[in-house]
Amino acid sequence: MRREWLLYHLGLPEFRFMFDAPPPGEWVALDCETTGLNVRSDEIISIGAVRIAGNRILTSERLELLVRPERGVSAESVRVHRLREQDVAQGLPVDEAVRRLMHFIGSRPLVGYYLEFDLAMLDRAVFPLLGMGLPQPRIEVSRLYYEWKFSQLPAAEQQVRVDLDLRFSTLMQDLGLPEREAHDALNDAVMAALAFIKLRQLLQLP
């Protein structure tokens, strides 16, 4: 809190809005596609985000950015994301991309599927601009799904930790939600938003 106070009062005015109270009943679902899974050496190549208001996904209020990596794109990455060298060459520098993302998010809490990885990648670019990572509250869809599945177990089975299949496709199918083409940042953000809305209802969250 001390660092946030200093940033708000003494830091860059451009980013003070992120420490304001969030709009009631609003969130932002986000996802990043990267050149690999190493949070220290791999790079972001696309960012997708969409706003949620109550039980609605505001697809008209979405953000979809290509990001130009410094070290290029491997053949393995192209096979996963279908983003070629010439595609991402037209992308934004990562610092400009995260600036746009921060203005899109505002102070809204963040929603995502295995969000920890995406935020670790983003925070590498955010830290030089803000002096810290993204400050918004974070809501992990897979954790909500686990809580819902766990609540359905018999009381005796709730005394021990249960291993559940938390794969995204399993989660979406179990919740009866439509799946979009995977490994696309905006598609994954929209699916995370759908799952979040459904799980909030099932868990009767405010």
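**Exercise 1. Which residue in β3 is the bridge partner of Val50? Use it to work out how the hairpin is put together.**

Keep in mind that we're looking at a predicted model here.

Step 1. Find Val50 and look across to β3: the bridge partner there is Arg62.

Step 2. Now zoom out to the two strands. β2 and β3 run antiparallel to each other, and eight bridges join them.

Step 3. Follow the chain from β2 into β3. The pair makes a hairpin with two residues in between. Gly54 sits in that turn, with a positive phi of about 60°.

**Exercise 2. Lay out the whole sheet and say which strands stand at its edges.**

Step 1. Start with the inventory: the protein chain has eight helices and five strands. Along the sequence they come as α-β-β-β-α-α-α-β-α-β-α-α-α.

Step 2. Put the strands side by side. The five strands form an open sheet in the order β3-β2-β1-β4-β5, with mixed pairing.

Step 3. Read off the edges. β3 (56-66) and β5 (138-140) each have a single partner strand, so each has one side without a neighbour in the sheet.

Step 4. Check how neighbours are angled. On average, neighbouring strands are turned by 25° against each other, ignoring direction.

Step 5. Look for a parallel pair to go with the antiparallel hairpin. β1 (residues 26-34) and β4 (residues 110-112) pair in the parallel sense, over two bridges. If you want a residue to click on, try Val28, whose bridge partner in β4 is Leu110.

**Exercise 3. Where does α8 lie relative to the strands, and at what angle does α8 run to β2?**

Step 1. Pick out α8, residues 185-203, and see what's on the other side of the contact. α8 lies across β1, β2 (44-53), β3, β4 and β5.

Step 2. Compare directions: α8 runs at about 35° to β2.

**Exercise 4. Describe how α6 and α8 meet, and what covers α6.**

Step 1. Take the axes of α6 (residues 141-151) and α8. They come within 10 Å and cross at roughly 30°. The crossing is left-handed.

Step 2. List who's touching. From α6 you get Val141, Leu144, Tyr145, Glu147 and Trp148, while α8 brings Ala192, Ala195, Phe196, Leu199, Leu202 and Leu203.

Step 3. Sort them by class: this contact has 10 nonpolar residues, no polar ones and one charged.

Step 4. Now see what's tucked away in α6. Val141, Ser142, Leu144, Tyr145, Tyr146 and Trp148 are buried. Their cover includes β4, β5, α7 (168-174) and α8.

**Exercise 5. Is Arg200 buried or exposed? Find its contacts too.**

Step 1. Place the residue: Arg200 is in helix α8.

Step 2. Apply the cut-off. Buried means under 20% relative accessible area. Arg200 comes in at 11% relative accessibility, so Arg200 counts as buried.

Step 3. Find the contacts. Leaving aside residues up to four places away in sequence, Arg200 touches Trp27, Gly54, Asn55, Leu205 and Pro206.

Step 4. Look at Gly54 again, the residue from the hairpin turn. Arg200 and Gly54 are 146 residues apart along the chain, yet their C-alpha atoms are separated by 10.0 Å.

Step 5. Set this beside the whole chain. Of the contacts between residues at least 6 apart in sequence, 67% join residues at least 24 apart. Buried residues make up 48% of the 206 residues.

Terms used
Residues are numbered from 1 along each chain as its sequence is written. This is a predicted model: local features need pLDDT of at least 70, side-chain atom pairs count only at pLDDT 80 or more; totals for chains, interfaces and linings use all residues. Side-chain values use heavy atoms; hydrogens and water are left out. Axes are lines fitted to C-alpha atoms, for helices over the stretch in contact, and angles run from 0 to 180 degrees between N-to-C directions. Helices (H or I, at least four residues) and strands (E, at least two) are DSSP runs, numbered from the N terminus. A crossing is left-handed if the near helix is turned anticlockwise from the far one by less than a right angle, and right-handed if clockwise. Contact means heavy atoms within 4.5 Å. Ala, Val, Leu, Ile, Met, Phe, Trp, Tyr, Cys and Pro count as nonpolar, Asp, Glu, Lys and Arg as charged, and the others, Gly among them, as polar. Buried means under 20% relative accessible area, exposed over 50%, partly exposed in between (1.4 Å probe, protein chains only). Two strands pair if DSSP finds at least two bridges between them.
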